[in-house]
Amino acid sequence: MRGLDDFLAECDHAPRINELAGFFAATAAGKNGVPLRKPAADNRLLPRDELLRDVVSLHAARQGFFDQHYHGSIPYRLEEECRMAHAVLKYARHRDRPLSLYSLGTAEGTMARTLSELSQGQIRTLSCSPNPENYECFMAYGEPPHADFFIGPFHRLTKDVLASTPRLTHFTSGFDIILEDTTFQMYSPNRADQVEFVSQHLKNDGIFVFVEKFRATDEMDYRLREYQKDFGFKARYFPPEEIEKKKAAVLNTMFANEVTLADMGEAIHQHFSHCVLTWNSGNFYSLAASNSADNLSRYVSQMATPAIPHEYVYETSLHGGSPD
């Protein structure tokens with residue numbers, strides 16, 4: 001990667017591990033941002049499927065402090081995470097060898113751990129977070145088989161680190177699926193270098209899934225979707241003063257590092273031939289990209305219908321048509 005040293009320095013000075021470090025540490029420890037009640041997946045929105053029910057049940061049992069804050073903050077993100085995990089489990093069943101998944105910046109790695117436990121080794125996962133508090137939540141239910149955790153920011157998990165850490169050496173050949181879950185937006189708007197850096201860990205025919213909050217083309221649209229999120233959903237879990245406190249402490253900083261959907265598409269297409277939009281909730285979107293049209297199609301075909309009320313959905317495809 002060209003300019004690697006500059007990129008690493010940029011990440012080292014990022015808000016996520018500097019001015020926002022206290023917020024993330026306190027939230028991961030359950031000292032801040034605790035919802036009024038634990039978010040629960042709305043089964044009325046999900047299809048009747050035994051495997052999916054197992055995902056929802058185990059995911060609920062393994063959640064830590066930060067996941068509860070996260071899923072109480074983004075409309076129907078919990079249902080989407082379960083839908084995504086369900087699709088990965090079905091996708092893995094069509095393979096003749098174990099699947100490896102890297103989930104970066106996903107707090108205590110609840111989804112990754114759930115996948116490893118339910119698949120009984122068919123899916124090997126690695127989660128990472130700069131916060132040891134998240135690792136404590138990850139280990140709260142005992143050391144999980146087939147699931148590992150790296151304590152550190154995503155840019156410090158290099159190929160050298162994988163190769164020199166005995167419990168992680170089996171990941172040196174690359175991952176079949178990588179999930180970036182609202183991580184890049186906490187560091188900088190430099191999506192081109194972020195995607196390039198993490199893509200080094202992806203197999204040639206692997207799938208890169210991005211979950212991010214994007215700027216809207218029209219600033220008023222962005223604001224109205226934020227109002228919908230805050231007053232139509234988030235208010236179920238947090239009092240008004242808590243919502244305003246987070247907006248002032250975190251969201252204004254995060255906004256400076258958000259990009260538009262078009263900007264993200266440009267960064268993705270520098271490395272991947274195919275990209276599809278799989279989910280939208282207000283200003284949040286999920287994209288899946290790959291250089292293997294067959295693998296991407298196989299993964300997307302395993303996904304159930306998005307479990308979210310239609311009034312939160314503003315886009316169902318990129319550019320109004322084929323994203324390739």
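1. A cavity, in this note, is a set of grid points where a 1.4 Å probe fits but cannot get out. The structure above is a predicted model, and a count by this rule comes to 4 cavities of 30 Å³ or more.

2. Let's start with the largest cavity, whose volume is about 490 Å³. Its lining takes in 40 residues, and F24, F66, Y70, T182 and M186 are those that lie nearest the centre. Elements that give two or more residues to this lining are α2 (21-28), α4, α6 (110-119), β2 (123-129), β4 (175-181) and α11 (240-255).

3. What is the lining of the largest cavity made of? Its residues divide into 19 nonpolar, 13 polar and 8 charged.

4. Helix α2 is worth a look next. Its buried residues are F23, F24, A25, T27 and A28, and what covers them includes α4, α7 (132-138) and α11. F24 is also one of the residues nearest the centre of the largest cavity. Following α2 comes G30, which has a positive phi, near 75°.

5. Helix α4, residues 65-71, holds D67. Does D67 have a partner of opposite charge, or is it without one? D67 is buried yet has no salt bridge. R77, the nearest side chain of opposite charge, is 8.4 Å away, whereas a salt bridge needs a side-chain nitrogen of Lys or Arg within 4 Å of a carboxyl oxygen.

6. Which residues does D67 touch, then, leaving aside those up to four places away in sequence? They are H59, E81, A107, E108 and T110.

Terms used. Residues numbered from 1 in each chain as written. Predicted model: local features only at pLDDT ≥ 70, side-chain atom pairs only at ≥ 80, totals over all residues. Heavy atoms only, no water. Helix = DSSP H or I, 4+ residues; strand = E, 2+ residues; numbered from the N terminus. Buried < 20%, exposed > 50% of the residue type's maximum accessible area, 1.4 Å probe, protein only. Lys, Arg positive; Asp, Glu negative; His and termini not counted. Contact = heavy atoms within 4.5 Å. 1 Å grid on protein atoms, 1.4 Å probe; cavity = no way out; pocket = protein on both sides within 12 Å on 5 of 7 lines; lining within 4 Å. Points joined across faces, edges and corners; volume = space filled by probe spheres on them. Nonpolar A, V, L, I, M, F, W, Y, C, P; charged D, E, K, R; others polar.
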